[in-house]
Amino acid sequence: TPMRGTLVAQDPYTMSPQERSRYEDLFPQYAKPDGFIYGKEAVELFTKSGVGPMVLRDIWNMVDRPVDNRLDRLEFAIAMHLIVCISKKNLPAPSGALPNSLKALKAASSAPPTATKAPPA
């Protein structure tokens, strides 16, 4: 079987376009006029999921890159998606780094292209 594409298919955290648009539709309800969601609003919404505060903090730290202590639309969608994966799909919380499929989404949205290369672990 060709290796290409199989990696994404096996990532249980992959976010479908439908899921993404659902999360992004929520975004304006919580975002400030400057187009970002800050900690207070995020905590309010994210804790409704029943996911513990330590896990939520880890998720925030994973998606808030580069760290500006606020989430843009995509970062918010990724955070929501991880919370749903944990609370509804019973997936384990990813530790330390975003799952590859979500990392790829974020890389695709961030410019310039040279910045998408991850430093060697």
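Among contacts in the protein chain between residues at least 6 apart in sequence, 62% join residues at least 24 apart. This model is predicted. Its chain holds 6 helices and 2 strands. Follow the sequence from its start and the pattern reads α-α-β-α-α-β-α-α.

Next, consider the surface. The chain has 121 residues, and 34% of them count as buried. The exposed area of the chain is about 7,700 Å². Carbon and sulfur atoms supply 60% of that area.

Now turn to helix H4, which spans residues 53–63. Which of its residues are buried? They are Leu56, Ile59, Trp60, Met62 and Val63. These residues cover an arc of only 165 degrees around the axis, so they sit on the same side of H4. Look at the other side of H4 and you find Pro53 and Met54, which are exposed.

What do the buried residues of H4 pack against? Two strands are on the list: E1 (37–38) and E2 (70–71). Three helices are on it as well: H3 (39–46), H5 (73–87) and H6 (100–109).

Take the pairing with H5. Two packed helices are described by the angle between their axes and the distance between the axes. For H4 and H5, the angle is about 145 degrees. Their axes lie 9 Å apart. The crossing of H4 past H5 is right-handed. On the H4 side, Val55, Leu56, Ile59 and Val63 make the contact. On the H5 side, the residues are Glu75, Ile78, Ala79, Leu82, Ile83 and Ile86. Sorted by class, this contact has 9 nonpolar residues, no polar ones and 1 charged one. Leu56, Ile59 and Val63 therefore appear in two roles: they are among the buried residues on one side of H4, and they take part in the contact with H5.

Leave H4 at its end and you enter the loop between H4 and E2. Proline 66 lies in this loop. The peptide bond from arginine 65 to proline 66 is cis, with omega near -10 degrees. Asparagine 69 lies in the loop between H4 and E2 too. Its phi is near 60 degrees, a positive value in a residue other than glycine. Is asparagine 69 buried or exposed? Asparagine 69 is exposed, with a relative accessible area of 52%.

A further loop lies between H5 and H6, and asparagine 90 is found there. Asparagine 90 is not a glycine, yet its phi is positive, at about 55 degrees. Asparagine 90 is exposed, and its relative accessible area is 65%.

Conventions: Residues numbered from 1 in each chain as written. Predicted model: local features only at pLDDT ≥ 70, side-chain atom pairs only at ≥ 80, totals over all residues. Heavy atoms only, no water. Buried < 20%, exposed > 50% of the residue type's maximum accessible area, 1.4 Å probe, protein only. Helix = DSSP H or I, 4+ residues; strand = E, 2+ residues; numbered from the N terminus. Arc of directions from axis to C-beta. Contact = heavy atoms within 4.5 Å. Axes fitted to C-alpha atoms, helices over the stretch in contact; angles between N-to-C directions. Left-handed = near helix turned anticlockwise from the far one by under 90°. Nonpolar A, V, L, I, M, F, W, Y, C, P; charged D, E, K, R; others polar. Areas by Shrake-Rupley, 256 points an atom, 1.4 Å probe, with all protein chains shown as cover.
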